[in-house]
Amino acid sequence: RQRQMCIRDSYTSYPTAVQFNKTVGVDFAKSELAALPADKPVSIYIHIPFCERLCWFCACRTQGTKTASPVTAYLEHVIAEIDLVAQQLPKGIMASRIHWGGGTPTILTPDQIKLLASALEQKIPRTKDAEFSVEIDPTLVNQAKIDALVARGMNRASIGVQDFAQTVQKAIGREQSFETTQKCVEMLRRANVRSLNMDILYGLPHQTEISVLDTIHKVQTLSPDRIALYGYAHVPWMAKRQQLIDETALPNGETRHDLFQTMAKELETSGYTPVGIDHFAKPIDDMAIATDKGRLRRNFQGYTTDDMDTLIGLGASSISKYPNGYVQNEAKSSDYTQAIKGGTLTSYRGIEMTREDHMIARAIGMIMCDFAVDYPTLINEFGDDLSCLNKAVLNLQKEYKDIVSFSKSGLKIVKHKRSIARLIAKAFDQYIDDSAKFSAVS
């Protein structure tokens with residue numbers, strides 16, 4: 001799932017999606033696609049926006065359906081988009097990372113899974129060591145679907161848990177028992193899926209330290225390779241379905257912090273390695289290894305080991321990252337399908353990045369991944385002029401001198417790394433508008 005619709009302060013991109021504008025669109029996307037080097041692999045994200053149930057907490061671009069016809073029609077248009085994109089690409093280009101997000105990708109039937117995967121493989125073949133990950137809804141999957149995914153190359157799966165407490169599940173419109181989740185994990189393991197990650201939310205209504213610890217203990221029995229602890233962003237003015245959530249039952253900022261710390265401590269005690277501000281991985285997992293070697297990265301899926309310069313987003317509302325900027329597809333399925341029917345790419349807004357944007361994006365990425373900014377690396381990548389960072393550094397020296405250390409080689413967060421990283425990153429954001437309304441995070 002691309003997390004661009006959640007909160008700005010996550011910094012899964014810079015400039016953030018808030019800055020996208022309609023002067024950057026189809027022409028920019030075409031030129032970026034055509035200019036890609038044929039010998040350099042790309043990453044691909046495919047958005048399946050449909051769900052049989054709409055969870056109240058979700059702020060992503062999704063739509064509910066109880067019938068198969070909208071999914072079938074949408075799939076036809078995604079396959080057509082794959083062809084349109086492939087026409088712009090240089091011959092020979094391959095994909096090293098593929099991710100299906102949603103919505104609920106497992107709403108697809110086994111035949112549809114085969115159809116979509118085959119269509120992509122025919123137009124943009126995979127590298128031999130490609131990673132193919134899919135978001136799995138345990139309540140909407142069976143062995144046939146998992147087998148179909150594995151047959152097409154899926155080797156990493158992501159399961160949304162959120163919380164196992166029934167009181168919390170009812171309060172957020174998502175009922176998913178531990179037994180159902182456990183059965184899903186068993187099917188994935190039987191199919192030899194080599195890596196499994198799980199998402200857990202804190203800051204949900206009725207959560208307590210006791211209840212989230214119970215969820216963590218249950219998750220630990222399933223032994224996922226990676227675990228993400230995301231803070232729930234309550235933005236009912238953006239995501240109307242969140243209006244169904246009782247705001248009076250939401251924990252305050254201090255409690256949110258305590259919920260996270262309780263779960264994080266338990267995960268670290270049980271042997272998981274902290275990754276960035278909110279991820280945890282087994283020490284032998286690629287993400288833990290990337291963290292140790294300074295190769296951790298961040299994109300619209302959150303933390304990743306993906307170091308590709310290009311991520312091609314397919315499907316309604318998907319965002320593509322190109323060497324010179326970002327573009328987003330039409331967000332409404334109706335507008336998206338209309339563009340595809342017209343035989344054109346659906347890119348309708350984006351931003352072209354300047355040299356300063358690229359440098360600041362790299363610095364923010366360092367902060368969010370490594371809790372530091374390394375000047376020699378920036379100079380090696382962008383040249384000697386680091387002046388665009390000066391204002392932020394001066395402000396940080398005034399406001400955070402007891403939390404951030406400064407030297408000729410850069411800066412480093414020395415206290416409260418997880419909780420302070422977003423604020424340090426925000427200091428470098430030259431587009432920030434403090435009057436804008438966003439959900440608080442902790």
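Visitor: Which residues lie nearest the centre of the second largest pocket?

Guide: Arg-297, Arg-298, Lys-321, Ala-361 and Arg-362, out of 32 lining residues. Bear in mind that this is a predicted model.

Visitor: What makes a residue count as lining here?

Guide: Having an atom within 4 Å of a pocket point. The elements that give two or more residues to this lining are strands E11 (297-299) and E14 (319-322), plus helices H11 (355-370) and H12 (375-382). H11 supplies the largest share, 9 residues.

Visitor: Why is this one called a pocket and not a cavity?

Guide: A cavity is a space the 1.4 Å probe cannot get out of, whereas a pocket is an open set, so the name pocket tells you this space is open. The volume comes to about 760 Å³.

Visitor: How many of the lining residues are nonpolar, polar and charged?

Guide: The split is 16 nonpolar, 7 polar and 9 charged. Arg and Lys belong to the charged class and Ala to the nonpolar one.

Visitor: Zooming out, why is the protein called as compact as a globular protein of its length?

Guide: Because the radius of gyration is 21 Å, close to the 22 Å that the globule rule gives for 442 residues. The chain has 14 helices and 19 strands, and the C-alpha trace spans about 60 × 55 × 40 Å along its principal axes.

Visitor: What makes a residue buried, and what share of the protein is buried?

Guide: Buried means under 20% relative accessible area, and 57% of the 442 residues count as buried.

Technical notes: Residues numbered from 1 in each chain as written. Predicted model: local features only at pLDDT ≥ 70, side-chain atom pairs only at ≥ 80, totals over all residues. Heavy atoms only, no water. 1 Å grid on protein atoms, 1.4 Å probe; cavity = no way out; pocket = protein on both sides within 12 Å on 5 of 7 lines; lining within 4 Å. Points joined across faces, edges and corners; volume = space filled by probe spheres on them. Helix = DSSP H or I, 4+ residues; strand = E, 2+ residues; numbered from the N terminus. Rg over C-alpha atoms; globule rule 2.2 N^0.38 Å. Buried < 20%, exposed > 50% of the residue type's maximum accessible area, 1.4 Å probe, protein only.
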